[in-house]
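Reader: I am new to this structure and would like a close look at a single part of it. Could you take me through the surroundings of the ligand, slowly and in connected form?

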Amino acid sequence: MRSSGDAGLRERETADPEGQDRLFHRGRGPGRLTVVGLGPGDAALLAPMAAEALAGADMVAGYTAYIDLVPPGLLAGKEVAATGMTGEVARCRLALEAAAAGRRVALVSSGDAGVYGMAGLALEMLEAMGLGGQVAFSVVPGIPAVCAAAALLGAPLTHDFAVVSLSDLLTPMEAIRRRLDAALGADFVLALYNPRSRRRSGHLALALALAARHRPPETPVGMVKKAFRPGQEIRVTPLAAADPDWADMLTLVVIGNTATRLAAGAMLTPRGYAGKYDLAP
Ligand code: SAH
């Protein structure tokens, strides 16, 4: 596959001769697979370009709970292939086979499709199925849960941060522990995805215990449940009082770095302006 920027642009023009479409495609159609990030949940946080990609699709595929995030008007008249949570490989295969047959398929993920989402698996399977030449592939970004939760907490990510998923479904627990320790040791603000699943609950407790080795007990820890969805809850506590059992499967956790503090009731990781400028009037 060609990969230089110029070649990519030519491919885009080929995939869309009328120039009506701003999506960046790799590979030639006529079929296409567009992996679309839907944002955290509220339709107002669905990017206009994502809505455009959904409107231009004739088939929408995705996990049932993600399909539910798509505004119903955008699904009208389309084939909808909704599948269960663990059917990622089957869902991708279905989407790719339909695209190879000439359909315009949108494969949806919550948040950003490239952040623990379907974009990676779709690309791996596109390659494995040898479809790079016959399916135009593109990814439309969405607002990831980490940004949605940070906005609700205040400004906890204004300095360097690391993101770790606590799911050991595809990553060995030892690797997760090593990454947590390295990020905490380097004083990154630490954002945690997948703090618990149906089958496991101890990983967040472990992460908080590791954090306590590197951070003072008063370090703010923010947890946001169902960001920008019905039932949204926001909680900020000192690290010493953070309750791992409060988190559920739709919670995003942010552990501050050594500079993170509360400002006007919100979580703030200062970038350093105060040391350089006089911020008070
Ligand atoms: N692609 C998604 C992540 C999917 S992994 C993204 O970019 O956000 C699923 C995990 O994302 C959940 O376990 C939870 O940690 C987080 N998550 C997804 N939506 C969320 C929401 N609305 N509020 C809080 N956390 C959310």
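Author: What follows describes the ligand site and then the two domains beside it. This is a predicted model, in which local features need pLDDT of at least 70 and side-chain atom pairs count only at pLDDT 80 or more, while totals for chains, interfaces and linings use all residues. Residues are numbered from 1 along each chain as its sequence is written, and side-chain values use heavy atoms, with hydrogens and water left out.

The ligand is surrounded by 19 residues, the closest being Val-115, Ala-145, Ala-227, Met-249 and Thr-251, where a residue is near if one of its heavy atoms lies within 4 Å. By class, this shell has 12 nonpolar, 4 polar and 3 charged residues (Ala, Val, Leu, Ile, Met, Phe, Trp, Tyr, Cys and Pro count as nonpolar, Asp, Glu, Lys and Arg as charged, and the others, Gly among them, as polar).

A polar side-chain atom of Asn-194 lies 3.0 Å from an oxygen atom of the ligand, and a nitrogen atom of the ligand has a backbone N or O atom of Pro-40 at 3.3 Å. The ligand taken alone exposes 550 Å², of which the protein buries 94% (accessible areas come from the Shrake-Rupley method with a 1.4 Å probe, and for residues only the protein chains shown count as cover).

Because domain 1 (22-143) and domain 2 (146-262) both give residues to the shell, the ligand lies between them; these bounds come from an automatic or database domain assignment. The C-alpha centres of the two domains lie 28 Å apart, yet 10 residues of domain 1 are in contact with 11 residues of domain 2 (contact means heavy atoms within 4.5 Å).

Conventions
Polar contact = N/O pair within 3.5 Å; in protein donor to acceptor, adjacent residues only side chain to side chain.
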